[in-house]
Amino acid sequence: MAAEAAQIAAIAKASLRKPWSAQAYADELSRGHARVWVAREDAARGAVVGYVLAHRIADELHVLSVAVEPLRRRRGTARALLAEGLRVEARAGARVAWLEVRVGSAAARALYEALGFGAAVVRKRYYADGEDALVMKLALQGAQVGAPIRARAQVVDQRHEGQNRRIVLRTPQWPGFAPGQFLMLSPGPLGAVSRLDPLLPRPMAVYRALPIGEGAADVEVLYKLSGRGTRLLAEARPGEAVGIVGPLGHGFPHPEAGTPAILVGGGTGIASLYELAAQLAPRSSLRVLLGARSQDELMGLSDFRGLGAALEVATEDGSTGTRGLVTELLGRALVQAGRATVYACGPTAMMRRVAELAAPSARQCFVSLENPMACGFGVCLGCAVPRAEGGFRLVCRDGPVFEASEIAWEKQG
């Protein structure tokens, strides 16, 4: 914490007229109502190059300071950081955001206006040099989850991350999403396959979504090549359009106040957990456990590290973290955390083991199932999952998140 505070103080000194000391930032970051989001040099644990500092008071977010290292400005860093903070706090129940800016700071005002802030009041001669302050306000109610949409989303980025892919889809009129919800994506860019081709849409978790103003958002999806449909999606280039329907399904609930949370992600299931981790990290005792066959198959590792939550990693080949299965980490974490709420997404065998380990010691255990599906609306009945009490539930309509005790794991394929 002290090292991070010193880096933030250095950026503030180069950016602000009256910066705080490193000790003042360290004291501030230790407060329970403080919120901070940082950008790092190498997207992992490198040096801090930008930050947003805010206070969360009841259902209001008060943005105190936004700054980026001088040599790294004009790259969208400040906008991305502030958008992330607004998104996280909106999901966590904040209804309005406030900030103050110098009336003459045109660049800063343009940034805030682009994110939807509007002028609320002018405070005359607010600053020591006599300049007025403009108080700006942004209502966050619109960030709550709305009805699913059917849209043409524009590909703005597509890149390799180890053996995985990350695609960013600029989506108009994005309704927001709950952690664990998913999209149905067209198999590749629109027009890549004939309308007579039987290839069906692919269900994929919403990893995160960054608002860009006017109701639109850059929606990120992490995926792995697993067949013809994902190979077509991997060929989508910036500027092309991908058809989406969503967000669909029911997401993860938050734990009860004061209850520790443990997130367990395996393989492609990791993508379903990032939004939940981002929401819980600032205000819960959170531990994140991620597992994969190898380091190259771990999804979003640098993003999870950036949340600042306790993080442990297991790989089957020992290429990073502990050698073994992520469920082995869970056994130890449950002993240390006591009665925690557990959340899991990954291969069926992993989630079944998570449910077995959590049953004696956890208050609740929630799992997000990844059954194949064709429609996403409960019409095709292709994603039925057996219930412990008999009968079936549909993953797309009733899930994908269920309480682990509800699933008949011995019958789940």
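## Backbone oddities, helix pairs and cores

P247 lies in strand 13, which covers residues 241-248. The peptide bond leading into P247 from G246 is cis, with omega near 0°. Keep in mind that this is a predicted model. Below are the unusual backbone spots, two helix pairs and two nonpolar cores.

**Backbone spots to look at**

- Some background first: most residues other than glycine have a negative phi, and most peptide bonds are trans.
- Besides the bond from G246 to P247, a cis peptide bond joins G399 and P400, with omega at about 10°.
- P400 sits in the loop between helix 10 (395-398) and strand 22 (401-403), whereas P247 is part of a strand.
- R74 isn't a glycine, yet its phi is positive, at about 65°.
- You'll find R74 in the loop that runs between strand 3 (60-68) and helix 3 (77-91).
- Is R74 buried or exposed? R74 has a relative accessible area of 86%, so it counts as exposed.
- R125 is another residue other than glycine with a positive phi, this one near 45°.
- The loop holding R125 links strand 5 (118-123) to strand 6 (133-139).
- R125 has 63% relative accessibility and therefore counts as exposed too, the cut-off being over 50%.

**Helix 1 with helix 2**

- Two packed helices are described by the angle between their axes and the distance between the axes.
- Helix 1 (residues 2-15) packs on helix 2 (residues 22-29) at about 125°, and their axes are 8 Å apart.
- Why call this pair oblique? An angle of about 125° falls outside the roughly parallel, roughly perpendicular and roughly antiparallel ranges, the last of which starts over 145 degrees, so helix 1 and helix 2 are oblique to each other.
- Helix 1 and helix 2 cross in a right-handed way.
- On the helix 1 side, the contact uses E4, A5, A6, I8, A9 and A12; helix 2 brings A22, Y25, A26 and L29.
- By class, that contact of helix 1 with helix 2 has nine nonpolar residues, no polar ones and one charged.

**Helix 8 with helix 9**

- Helix 8 (residues 326-337) and helix 9 (residues 348-358) pack at about 15°, with 10 Å between their axes.
- Angles under 35 degrees count as roughly parallel, so helix 8 and helix 9 get that label.
- The crossing of helix 8 with helix 9 is right-handed.
- V326, T327, L330, G331 and L334 are the helix 8 residues in the contact, and they meet M350, R353, V354, L357 and A358 of helix 9.
- The class split for the contact of helix 8 with helix 9 is seven nonpolar, two polar and one charged.

**Nonpolar cores**

- How many residues make up the largest nonpolar core? There are 56 residues in the largest core, and L82, L86, Y112, F117, L263, L286 and F304 touch the most other members.
- Helix 3 supplies the largest share of this core, with seven residues.
- Which residues does L286 touch? Leaving out residues up to four places away in sequence, L286 is in contact with A261, L263, A277, L280, A281, A309 and A310.
- A second core, separate from the largest one, has 35 residues, among them A333, M350, M351 and C396.
- M350 turns up twice here: in the second core and on the helix 9 side of the contact with helix 8.

Technical notes: Residues numbered from 1 in each chain as written. Predicted model: local features only at pLDDT ≥ 70, side-chain atom pairs only at ≥ 80, totals over all residues. Heavy atoms only, no water. Axes fitted to C-alpha atoms, helices over the stretch in contact; angles between N-to-C directions. Helix = DSSP H or I, 4+ residues; strand = E, 2+ residues; numbered from the N terminus. Parallel < 35°, antiparallel > 145°, perpendicular 65-115°, else oblique. Left-handed = near helix turned anticlockwise from the far one by under 90°. Contact = heavy atoms within 4.5 Å. Nonpolar A, V, L, I, M, F, W, Y, C, P; charged D, E, K, R; others polar. Buried < 20%, exposed > 50% of the residue type's maximum accessible area, 1.4 Å probe, protein only. Core = buried A, V, L, I, M, F, W, Y, C linked by side-chain atoms within 4.5 Å.
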